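Please open the structure in your viewer and keep the selection tool at hand. The tour proceeds one selection at a time.

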Amino acid sequence: MVWRGPALVTLITLFPGWSCDAQELTATELSVGGAAVIARQTFAGAELGIARRPGSETRVAMALAGGSDDGHAAGRAQVTLQMLVNAAARSGMGLFAGLGAACDAREGSPGRGWLVVLLGLEEAPGRRNGWYVELGLSGGVRLAAGWRLRAFPVWWR
């Protein structure tokens, strides 16, 4: 009968889904929307994003945008680490803040890079989809808005 204790520890180690910390709310997110940066040269375009919530209160996000910068073809890329408030809320609003880096490429000029600081608001961050808006600084005043789709673990229904 002594084998039960080590056998249970072995099972929990081999199948971490049974342990308590496996109940951390993780998610993968896809977003689509628009972004604009107002500065000496104004960028406006469509934006696609992908993000991963490795834990309940953080998100690592990457956004790629293509559009126009004062009439020239341009693209922007942004990577941020975000802190979420009310990340599991299935109704109401969720606030988030982020820090990161961004760069752009514009036809006929060299690329540039910036530090990113942002604040955002999203609808029901614990549901499978909802809208979002972001306001921040990254080479000018940046405004982004769109729709976010989320994939949660099976147990989060």
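Begin by selecting F96 in this predicted model. Apart from its neighbours within four places in sequence, F96 is in contact with R59, Q82, M83, L84, L118, L119, G120, L121, E122, V133, E134 and R148. Keep these residues displayed, since several of them return in later selections.

Next, to which group of nonpolar residues does F96 belong? Select L84, A87, F96, A102, V116 and L118: these six residues make up the largest nonpolar core. The elements that contribute two or more residues to this core are β5 and β6. In soluble globular proteins, nonpolar side chains tend to be buried together.

Now select the whole protein chain and display it as a cartoon. How many helices and strands does the chain have? It has one helix and eight strands, and along the sequence they follow the pattern α-β-β-β-β-β-β-β-β. The eight strands form a closed barrel in the order β1-β2-β3-β4-β5-β6-β7-β8, with antiparallel pairing. Neighbouring strands of this sheet are turned by 25° against each other on average, direction ignored.

The next selection is β3, residues 58–69, together with β4, residues 72–85. These two strands pair in the antiparallel sense over twelve bridges. Within this pair, select R59 and find Q82 of β4, which stands opposite R59. Both R59 and Q82 were also among the contacts of F96.

Then select D70, which lies in the loop between β3 and β4. D70 has a positive phi of about 50°, although D70 is not a glycine. Is D70 buried, partly exposed or exposed? Its relative accessibility is 43%, so D70 counts as partly exposed.

Continue along the chain to N86, whose place is in the loop between β4 and β5. N86 likewise is not a glycine, and N86 has a positive phi of about 60°. Because its relative accessible area is 46%, N86 is partly exposed.

Now select β5, residues 93–106, and β6, residues 109–123. The two strands run antiparallel and are joined by 13 bridges. On β5 and β6, select C103 and G113: G113 in β6 is the bridge partner of C103. To see how the chain passes from one strand to the other, select the turn. β5 and β6 form a hairpin with two residues between them, and G108 in that turn has a positive phi of about 85°.

Follow β6 to its other partner in this part of the tour, β7, which covers residues 129–137. Here six bridges join the strands, which run antiparallel. Select G120 and look across to E134 in β7, which stands opposite G120. G120 and E134 are both included in the contacts of F96. In the hairpin of β6 and β7, five residues lie between the strands, and A124 takes a positive phi near 40°.

Finally, select the whole chain again and show its surface. The accessible surface comes to about 8,900 Å², of which 71% belongs to carbon and sulfur atoms. What share of the 157 residues is buried? Buried residues make up 36% of them. As a last view, turn to contacts across the sequence: among contacts between residues at least 6 apart in sequence, 52% join residues at least 24 apart.

Definitions and conventions
Residues numbered from 1 in each chain as written. Predicted model: local features only at pLDDT ≥ 70, side-chain atom pairs only at ≥ 80, totals over all residues. Heavy atoms only, no water. Pairing = 2+ DSSP bridges. Helix = DSSP H or I, 4+ residues; strand = E, 2+ residues; numbered from the N terminus. Axes fitted to C-alpha atoms, helices over the stretch in contact; angles between N-to-C directions. Core = buried A, V, L, I, M, F, W, Y, C linked by side-chain atoms within 4.5 Å. Buried < 20%, exposed > 50% of the residue type's maximum accessible area, 1.4 Å probe, protein only. Contact = heavy atoms within 4.5 Å. Areas by Shrake-Rupley, 256 points an atom, 1.4 Å probe, with all protein chains shown as cover.
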